[in-house]
Amino acid sequence: MYKIFYGINTIKNLLNYKHIYIKKIFLCKNKKNKKILELKNLIILKKVFFEIIENFLFKKKFYKLNVVHQGIIAYVSNNIFKKNLSDLYYIIKNNKKKKIFLILDNINSPYNLGSCIRTAVAFGITGIIISKNYSASILNSIVHKVSMGAIYKIFILEVNNLNNIVSFFKKNNIIILGTCLKSKNFLHNYSFNKLKSFALILGSEKSGIKKSLKKKCDILFNISIKNINSLNVSVAYGIIMFDFFYKKLLN
């Protein structure tokens with residue numbers, strides 16, 4: 001099985017970081033700009049199978065996609081992010097540095113997911129855990145486009161049950177943090193007592209973190225804002241990470 005990815009920058013990042021998972025690349029013959037020519041040379045360098053097809057055939061083959069593909073489309077293996085709990089266990093047991101995880105609960109927007117991944121990489125987060133159900137998939141091409149290649153630089157695990165992951169973290173001495181609009185612990189003036197390894201749970205703007213997950217949190221906190229009830233989840237995560245960086249809670 002494969003997934004379809006498209007766009008010059010997305011395919012370029014795939015070639016640079018995950019080229020072994022690319023099954024085939026299609027190039028539109030009519031597209032001969034500098035970026036496409038450079039990309040063609042990279043495809044050849046990475047020894048990825050590709051096919052150049054006429055414009056009308058390209059349109060006929062991919063007309064159902066209805067996306068801005070920029071004349072390049074790739075078939076990518078679904079196994080590109082094949083990870084399991086044993087991989088996570090290995091990271092926890094063998095990484096001697098402070099371990100910091102992001103847990104995303106029901107993040108439906110691929111744009112938000114891509115932005116959160118990019119921010120996580122920017123601040124050196126250890127890994128990201130994503131709920132499979134009711135969430136954007138990490139195989140969504142938009143997620144890859146928005147992350148600008150960051151998605152290939154971090155451990156990502158999709159799971160069916162986040163409650164089990166949180167319990168697993170707690171058994172391995174990882175503190176669980178969560179955001180809650182009703183919390184009296186405000187981000188800007190809460191010290192977090194010099195946290196060691198921890199995982200931060202973020203939920204959707206609509207419903208936030210599920211109650212079952214919220215009950216498992218060791219610390220719940222809120223971001224102090226005015227005039228509106230909540231923030232876009234990727235914006236909120238950026239604010240939180242900068243605050244943690246300023247308080248020297250990150251590596």
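Visitor: Before we start, how is the expected span of a helix worked out?
Guide: The expected span of a helix is 1.5 Å times one less than its number of residues. Please keep in mind that we are looking at a predicted model. The factor to remember is 1.5 Å.

Visitor: Thanks! What span should H5 have, and how far apart are its end C-alpha atoms?
Guide: Helix H5 covers residues 110-122. Its 13 residues, at 1.5 Å a residue, should span 18 Å. The distance between the end C-alpha atoms agrees with that, because it is also 18 Å.

Visitor: Which backbone nitrogen does Ser-109 reach at the start of H5?
Guide: Ser-109 uses a side-chain oxygen here. That oxygen comes to within 3.2 Å of its partner, the backbone nitrogen of Tyr-111.

Visitor: What do the buried residues of H5 pack against?
Guide: Buried residues of H5 include Leu-113, Cys-116, Ile-117 and Ala-120. The buried part of H5 packs against strands and helices alike: S5, S6, H6, S7 and H9.

Visitor: Where does the chain go after S5, and is the crossover right-handed or left-handed?
Guide: From S5 the chain passes through helix H5 and arrives at S6. S5 and S6 pair in the parallel sense over 4 bridges. One facing pair there is Ile-103 and Ile-129. The β-α-β crossover from S5 to S6 is right-handed.

Visitor: Is strand S6 largely enclosed or left open?
Guide: In a regular strand the side chains alternate between the two faces of the sheet. In S6, Gly-127, Ile-129 and Ser-131 point one way, while Ile-128 and Ile-130 point the other way, and all are buried. Because 5 of the 5 residues of S6 are buried, the rest of the structure leaves this strand largely enclosed.

Visitor: Which residue of S7 is the bridge partner of Gly-127?
Guide: S6 pairs with S7, residues 155-159, in the parallel sense over 5 bridges. Helix H6 joins these two strands in a right-handed β-α-β unit. Across from Gly-127, the bridge partner in S7 is Phe-155.

Visitor: Which strands stand at the edges of the open sheet?
Guide: The sheet has 6 strands with parallel pairing, in the order S7-S6-S5-S9-S8-S10. Two of these strands have a single partner strand each, so one side of each is left without a neighbour in the sheet. Those edge strands are S7 and S10.

Visitor: Which strands does helix H4 touch as it packs on the sheet?
Guide: H4 spans residues 85-94, and its direction makes about 140° with that of S7. The strands it touches are S5, S6 and S7.

Notes: Residues numbered from 1 in each chain as written. Predicted model: local features only at pLDDT ≥ 70, side-chain atom pairs only at ≥ 80, totals over all residues. Heavy atoms only, no water. Buried < 20%, exposed > 50% of the residue type's maximum accessible area, 1.4 Å probe, protein only. Pairing = 2+ DSSP bridges. Right-handed = clockwise from strand over helix to strand, strands pointing away. Contact = heavy atoms within 4.5 Å. Polar contact = N/O pair within 3.5 Å; in protein donor to acceptor, adjacent residues only side chain to side chain. Axes fitted to C-alpha atoms, helices over the stretch in contact; angles between N-to-C directions.
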